[in-house]
Structures are given as structure tokens and as C-alpha cells.
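Reader: I've got the sequence and the model open side by side. Can you walk me through what's in there?

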Amino acid sequence: MEDKKIKRRKRGKIIKRIITIVIILAIIVAAGLFVYKRFFQNRPMQLAETKYTEVKVERRDIKEELSGSGTLESADSYTLSSRVSGEILSDTFAEGDIVKKDDVLYVIDSSDVDSNIRRANNTLSQSIETYNEKLADRKELVISAPISGTVIGLNHDKGDSVNTNSPLMTIKNTSTLTIKEYYSAEYKNSVYVGMGATVSVPGQMLNVRGKVSEISTLTRTSETGVVCFPVTIEIENPGSLFEGAVATAWLDGGIYPTITSADGLMASAIKTVYAGVSGDIEKLNVENGDTVSRGFVLMELSSETLEDEIERAADSLEDAQISIDNLNDTLDNYTIKAPINGTVVRKALKAGESAENGATLCMIYDLSYLTVTLAVDELDIMSVAVGQQATVTADAVEGREFSGVVTRVGVNGTTSGGVTTYPVDVRIDETGGLLPGMNVDIVITVKEASGVLAVPADALSRGNRVLRKTANGSTGENAPDGYEYADVKIGMADENYVEIISGLEEGDTVAYVAKTVSSGNNMFGMMMPGGMGNMPSGMGGTRPGGNMGGVRTGGNSSGGRY
């Protein structure tokens, strides 16, 4: 029993010690909380001996830029290939030469195609001739009176078929009549065409004046042995005269005929009308006895066969023309001309060598200006516009900057890895030292302003706040001694400065600390208020993808990559 009492006393002492320790620890924690609330909870944590950089709010020029890289390309390029096969007869240039559009560069042997063109020209000529003949035959379907006169001998009706050269009718002109008389050869030199004559018609006791219309070179001998020559005299028919009427004619000057005409009066003209082509009589406009004038349409024929022949002739003519055009186009391919103005950067073949169809002959670059295409992030593309200026630099041309201008802002975006970029073309006109294929860095000025209020980018903290020095040394809420926080509205930004639209006045003093500081004596190891590295909205930060996945300056001091 004694031992049990001793054990209980020892256990009680241990419990009392434990309770005492717990009470002491609770007092220490409570003291710590009191100190924290009293000295730290309601005021900002500060690093020991924090040094601020103070600057005046002042006016300056700010330029907002996008940067990226790309590969230079020529303004235009052309790889000239042969469209035919053959030996190169001549070339007129060397690699590196500057050529103008349509300058002759190569001539390739075209003897084979020349022969084909000659044959094709012959075929074309024959096709033209055949087609014209068929068109002329079509005109023959309309039959007109060859002379004025009276229709006789018509023995066809509408709908009849006639063959080529078939006689259709005869037209006789009796409005004027002729008589042929023979006169002694002794008067040969006294008679002339147009000479006056008197024609006597005994049966009608009528004398009619006429004139010589023809003098023949033939001669004959009369029954009395007199050599004489024929003379034709023409008279106007007064209306009562008819063919075969007996008449005698003597020439002015008392020249009488040696032999009187046995034929009597004759019609001055008589023509038989023939069908020029085969066909069916579609229209018949005359009857026997009708009097017609020269050119009057006597009848019209139709011929399906002829129309078919004309169509075939037209098709043959078109085929022949297409063939000659194709050959001439092919012949053009044997003379190779420069397609653009530019510089020959490569000459693959020369005179004396053979060119195969499709073989590369030479390559021409238009180096009048250069271009580069950048891939601009979707977040930045709306700030890029045609006409914006750009600065171009190349590692291959050290120490020089080249001016460029945005010439195209594409709308056909390309998405990769969840990021969409858009093509932007920049043109460089002054290219001294730059060559196609070189890699270049591009900085596009998307926005700029002169004489705006600005503060260093490092002075801006989260929520767009700036630490401003108070004029009377007072301290703002949660601010270090002698300072206050000012809410500002920001605008443009470049690599180092941010535009202040409102919230600060020119001449105000703002303060900031370096981006990285040690924890110093601060027991919690915290950074000072002012939050270095806190950027304006939309600036800085790393974004994957893109060629102009480029740098947009104006965020943090190193520039954030998009």
C-alpha cells in the first residue's frame, strides 16, 4: 500500500509540470500575437535600410513597338524553264547580269516546228480557198438576170430540182436591135466605132438612125470578088421592129454595104441563164414573156447538201487555224524571253547544250526591293496596320539599320499549339548589303507619342499604383514613411517607360526599388510594397509560338516574349 501511494504522488507531480509548461507556452504565443498585432499587422513590412530610387514625373517621347524575325525574300522571283526540247543555239547573258522584261535570253533550234508550220500554212490556205468557194456557191443559189430583156424558154416550176450548169431560161433584149453589114476594104480606115448610120426597113417604109457598135477584123470576099469587112450597127427599136426583119444600112458619108445582111435585124443581146449549183427551186419570180431588168432576181434555190459542205469547210478552216496558232505558240517557246525585270542569279544552261522540256534554264530575282513576312500573335495583330514604319537589322550587315514599311496585314491566321498568328509583310526599299535568304530582325512601330507624362516601368505596381513622395512628409495608408500610393491610368509603354494619362502631375516625385532584393532583417523574408515586376495589363509575359512570336517592348525592362 505504501508503494502505491508513492507512485500516485509522482504521477501527480508530472501532470502538474505538464500543465505548467502548457500554460507557459500559451502565454508566449499570446505575447507573440500581441506583438504581431501591435507592430506588424497594420503596417507594411519593410526591409531594413530599404533604398528607393526617386525620379521626377516628366514629359518624354514614347514609342510602342512589336519585334520579330524573318527571312528576306526578293520582290519577285522567276525560275525560267524550257517548254520544248532542242539544242540551245544562242544565249545573250551571263550570271549576275541585269535583264529587262521581254529581253531575249535563249534561242533554241526550231527547225522541226518550222517545217510543221509551213505544212500547216499550206493546209490553212487550202481550207480558206475551199471555204470561199463554198460561200461563192451559196451566192449562186440566188439567180439574177444577166441582162435586161424578155424571158423566153422557161420550162421549170417551183419545187423542181436542177443540176449545176442546167439551162433555166433565156433572156433576149429587143429594145435595141443590130444589123451586120459588109463594106469594101477600101473604107477600112474611114469607119470607126460610134460612126453614124442610117438603117432602112423597106417592109415598114421606115428609116432609123443608128451608130457603129463593132468593127470586126475578119474579112470575106463578095460574089463580085470585092474584099470586105463586117460592121455591126445598133439602133433603138421604136417598137414596131422585130428580129429577122430585112433591113439595109449605109454609113454616113455615102458608104454603102457591099454585101447586104442575110440575117436581117437581130436582138442586141441574148443570154441563156444556167444553174450555178445544184438545188431545188424555192422561189420562182418570172414567167415566159416577162420583161426584166438586169439584176432582177429570177429564182432562188435551196440546197441542204451545199449548207452541209459549207459547215464542213468552216470546221476544216477553224481546225487549220487552231493548228497554225498552236504551232506559232509553240514556236514562241523556242525564243526564251525574260519574264520580269531583274538580276540573273543562276544560269543553268548555255549555248551548245541541249534543253529538255521542263529543264531549268535560269533564275531571275527582282532585287528592286526586298520583303520579309512576320508571324504576328493574335493578341497584337489588331495594332498592326499597313503603312506603319519598321526598322530592320541583320547580323550579316553589322552596324546598319534599314527602313521598312508594312505593306500587308493578312487575315488568314495559322494556329499551332493553341496560338494563332497572322502574316504581316514588310517591304525594304533601300537594301544595300541585304540579300534574299538573310535572317533579319524587325521592329515595327505600332504607336508613338511625343511629350507625354511618363514614369519608369519599374515604378508601376499591381493595380496600376505608383509610390509618390508626399510634399509635406506625411505618410499615406499602408505606405512607407513620407510616401503615399497614387492610382494612375496608363497609356502607351516602351521598353523602359509607361505613359501616365491621369493620377500624377508633371514634377511629382515617384519612388521605386530594384526588382530583386534580399529579405534583410525582415523576419518574414517578404518583398517591399511596390511589387517589382508587376506589369501594366497586356504587357510583358511569356507567350508561346509565333515567329513574331516576337518581342513586344514596353512591358518589363527586358521585354516580354509573345
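Author: Sure, and keep in mind that this is a predicted model. Let's begin inside, with Cys 362, which touches Tyr 78, Thr 79, Leu 80, Phe 93, Leu 105, Tyr 106, Val 344, Arg 346, Lys 347 and Ala 348, leaving aside residues up to four places away in sequence.

Reader: How many residues does the largest nonpolar core have?

Author: Cys 362 is one of the residues with the most contacts inside that core, along with Ile 88, Leu 105, Tyr 106, Ile 108, Leu 361 and Ile 364. At least two residues each come from E6, H2, H3 and strand E23 (360-377). The size of this core is 26 residues.

Reader: And how many residues are in the second, separate core?

Author: Look for Ala 390, Val 406, Val 424 and Val 440, which are among its members. This second core is separate, and its count is 23 residues.

Reader: Which helix do the buried residues of H2 pack against?

Author: Start with H2 itself, residues 111-139: at 1.5 Å a residue, its 29 residues should span 42 Å, and the end C-alpha atoms are 43 Å apart, so the two agree. Buried in H2 are Val 113, Ile 117, Ala 120, Leu 124, Ser 127 and Lys 134. The partner that the buried residues of H2 pack against is helix H3 (304-332).

Reader: Over to charges. How many residues apart are Lys 469 and Glu 54, the pair that links distant parts of the chain?

Author: Side chains of opposite charge can pair when their charged atoms come close. Here the side chains of Lys 469 and Glu 54 form a salt bridge, at 3.7 Å from N to O. Lys 469 sits in strand E30 and Glu 54 in strand E1 (residues 53-56), a sequence separation of 415 residues.

Reader: Is Arg 209, the partner of Asp 252, buried, exposed or partly exposed?

Author: The Asp 252 and Arg 209 side chains meet in a salt bridge at 3.0 Å, N to O. Asp 252 lies in the loop between strand E15 (248-251) and strand E16 (266-274), while Arg 209 is in strand E12 (residues 206-215). With a relative accessible area of 48%, Arg 209 is partly exposed.

Reader: Which residues are linked with Arg 468 in a network of salt bridges?

Author: Glu 484 bridges to Arg 468, with the closest N and O atoms 3.2 Å apart. Glu 484 is in strand E31 and Arg 468 in strand E30, so this pair ties together parts 16 residues apart in sequence. The residues networked with Arg 468 are Glu 484 and Asp 508.

Reader: Asp 508 also turns up with Ala 471. What distance separates their C-alpha atoms?

Author: Ala 471 belongs to the loop between strand E30 (465-469) and strand E31 (483-487), and is exposed at a relative accessible area of 93%. Asp 508 is 37 residues away along the chain, and the C-alpha separation is 9.0 Å.

Reader: Now a backbone check: what is the phi of Asn 165?

Author: Asn 165 is in the loop between strand E9 (161-162) and strand E10 (167-184), and counts as exposed at 56% relative accessibility. Asn 165 is not a glycine, yet has a positive phi of about 70 degrees.

Reader: Last one: what is the area of the nonpolar surface patch that includes Ile 21?

Author: Ile 21 is in helix H1 (residues 2-41) and is exposed, with a relative accessible area of 52%. Together with Ile 24, Leu 25 and Ile 28, Ile 21 makes a nonpolar patch of about 390 Å².

Key
Residues are numbered from 1 along each chain as its sequence is written. This is a predicted model: local features need pLDDT of at least 70, side-chain atom pairs count only at pLDDT 80 or more; totals for chains, interfaces and linings use all residues. Side-chain values use heavy atoms; hydrogens and water are left out. Patches are made of residues with over 30% relative accessible area and no salt bridge: like charges are joined within 9 Å, nonpolar side chains (Val, Leu, Ile, Met, Phe, Trp, Tyr) within 5 Å. Accessible areas come from the Shrake-Rupley method with a 1.4 Å probe; for residues, only the protein chains shown count as cover. A salt bridge is a side-chain nitrogen of Lys or Arg within 4 Å of a carboxyl oxygen of Asp or Glu. Helices (H or I, at least four residues) and strands (E, at least two) are DSSP runs, numbered from the N terminus. Buried means under 20% relative accessible area, exposed over 50%, partly exposed in between (1.4 Å probe, protein chains only). The expected span of a helix is 1.5 Å times one less than its number of residues. Contact means heavy atoms within 4.5 Å. A nonpolar core is a set of buried Ala, Val, Leu, Ile, Met, Phe, Trp, Tyr and Cys residues joined through side-chain atoms within 4.5 Å.
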